[in-house]
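Here's a quick briefing to read with the model open beside you. Have a look at the fold first, then come back for the details.

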Amino acid sequence: MTSPSRLRPSTLLVHGGTERTLHGETSEALFLTSGFVYDSAEQAEATFAGTVRHYQYSRFGNPTVTMLEQRLALLEGAEACRVTATGMAAVHAALLSHLKRGDRLVASRALFGSCHWIVSTLLPRYGIEAEFVDGTDMQQWHAALARPAQMVLLETPSNPMLEVIDLAAVAALAHAAGALVVVDNVFATPLLQQPLQLGADIVVYSCTKHIDGQGRVLGGAVLAGAKWIEDTLQPFIRNTGPALSPFNAWLLLKGLETLPLRVNAASASAARVAGFLATQPGIARVWYPARTDHPQHALAMTQMSAGGTLVTFEVADGKDAAFRLMNALRLIRISNNLGDSKSLVTHPATTTHMRIGAPERARLGISDGVVRLSVGLEDAADLTDDLGAALAVMRGG
Ligand SMILES: *Cc1c(COP(=O)(O)O)cnc(C)c1O
């Protein structure tokens, strides 16, 4: 194969990381095995001493899982990758492998619900100080990072309000404070935004979303420099066991092959759907990073190569109207998941962001009229037809 570093993303996603067995199979082999055997006691001894490379146990490593890690690392332009059973296992491992009692983490407030819980509830329990800032307000980042910190965690665009954070500016402040920058890049996907190139140190994914993209399996990934992965993350993963099943790794490898086709198509449809929604009576506001009326449109377009697959909008008449609209949809289904080939709609205030409470929702701008739409692979005209018909029902009261 041509040197992988010279291949373009779509090619890397089909060929990158592939290691064929002696049978020369076309598709990646599925090593559905928990353990591995040794030819001799000496080989086992050398493997455990680290002088011979041999798979030992699928909690530490597995050939199908390794193929996925190498393919993801090539796409991201990262030195190394470890995959986990879920996106939350990836976030948890990235933070807890690095932080210890007395350390300090600064995070943007607009985080995925479970990330918010780890920062606000779990870390303080272990004596790790955690401070939230409004990620779009550079003054707050300045103030919070005027003191030393060990890690910064942020999500851009954020869930569900699609806030965009200046990655390069935050990374500069974080590095001056002594912190590593962890970016949850789920909404942008590795195709539309490369945080490592903008100064981030660690990128985390829920592979459950666009990387599988077909609503089948859970998975997570952490990408970073080889030294940090080997010295800090790998011992934590090896000994705490958030390992990804080889079967799920195989499905995710297959998902990666079509990632550009799926993300580009869904992102183009999302732009059309956002444009349609913005013209509809009864809709107060639409948030979509590629639209010029997005509050951080200019910044978004320097960091992202397209607007992404999620559109957030606010219906003018609050929760009852939002529910009437959602209940009247026929094609687009109600689900708290996202990044699927099927378009999915969520009412964050009563589901994904219910537990954070009304005052925090108000701080994040998540009103009772806010609806999040994850655009899938249907024909965009069928999606706007479905939304148009449901909006008519909503307006009819
Ligand atoms: C879904 C999601 C997660 C968690 O991933 P799981 O695979 O569900 O554990 C974390 N961050 C963001 C932004 C997500 O959308």
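How far apart do the C-alpha centres of domain 1 and domain 2 lie? They lie 25 Å apart. Keep in mind that this is a predicted model. Below, we start with the domains and then move on to the ligand.

**Domains**
- The domain assignment splits the chain into domain 1, covering 4–30 + 61–257, and domain 2, covering 260–396.
- As for the interface, 37 residues of domain 1 are in contact with 36 residues of domain 2.

**Where the ligand sits**
- You'll find the ligand in the second largest pocket.
- Around the ligand are Thr86, Gly87, Met88, Phe112, Glu155, Asp184, Val186, Phe187, Ser206, Thr208, Lys209 and Gly219.
- By type, that shell breaks down into four nonpolar, five polar and three charged residues.

**Polar contacts and burial**
- On the backbone side, a polar atom of Gly87 is 2.9 Å from an oxygen atom of the ligand.
- The side chain of Asp184 puts an N or O atom 2.7 Å from a nitrogen atom of the ligand.
- Ser206 also joins in through its side chain, with an N or O atom 2.8 Å from an oxygen atom of the ligand.
- Taken alone, the ligand would expose 380 Å², and the protein buries 91% of that.

Notes. Residues numbered from 1 in each chain as written. Predicted model: local features only at pLDDT ≥ 70, side-chain atom pairs only at ≥ 80, totals over all residues. Heavy atoms only, no water. Near = heavy atom within 4 Å. Polar contact = N/O pair within 3.5 Å; in protein donor to acceptor, adjacent residues only side chain to side chain. Areas by Shrake-Rupley, 256 points an atom, 1.4 Å probe, with all protein chains shown as cover. 1 Å grid on protein atoms, 1.4 Å probe; cavity = no way out; pocket = protein on both sides within 12 Å on 5 of 7 lines; lining within 4 Å. Sits in = over half its atoms within 2 Å of the grid points. Nonpolar A, V, L, I, M, F, W, Y, C, P; charged D, E, K, R; others polar. Domains from an automatic or database assignment. Contact = heavy atoms within 4.5 Å.
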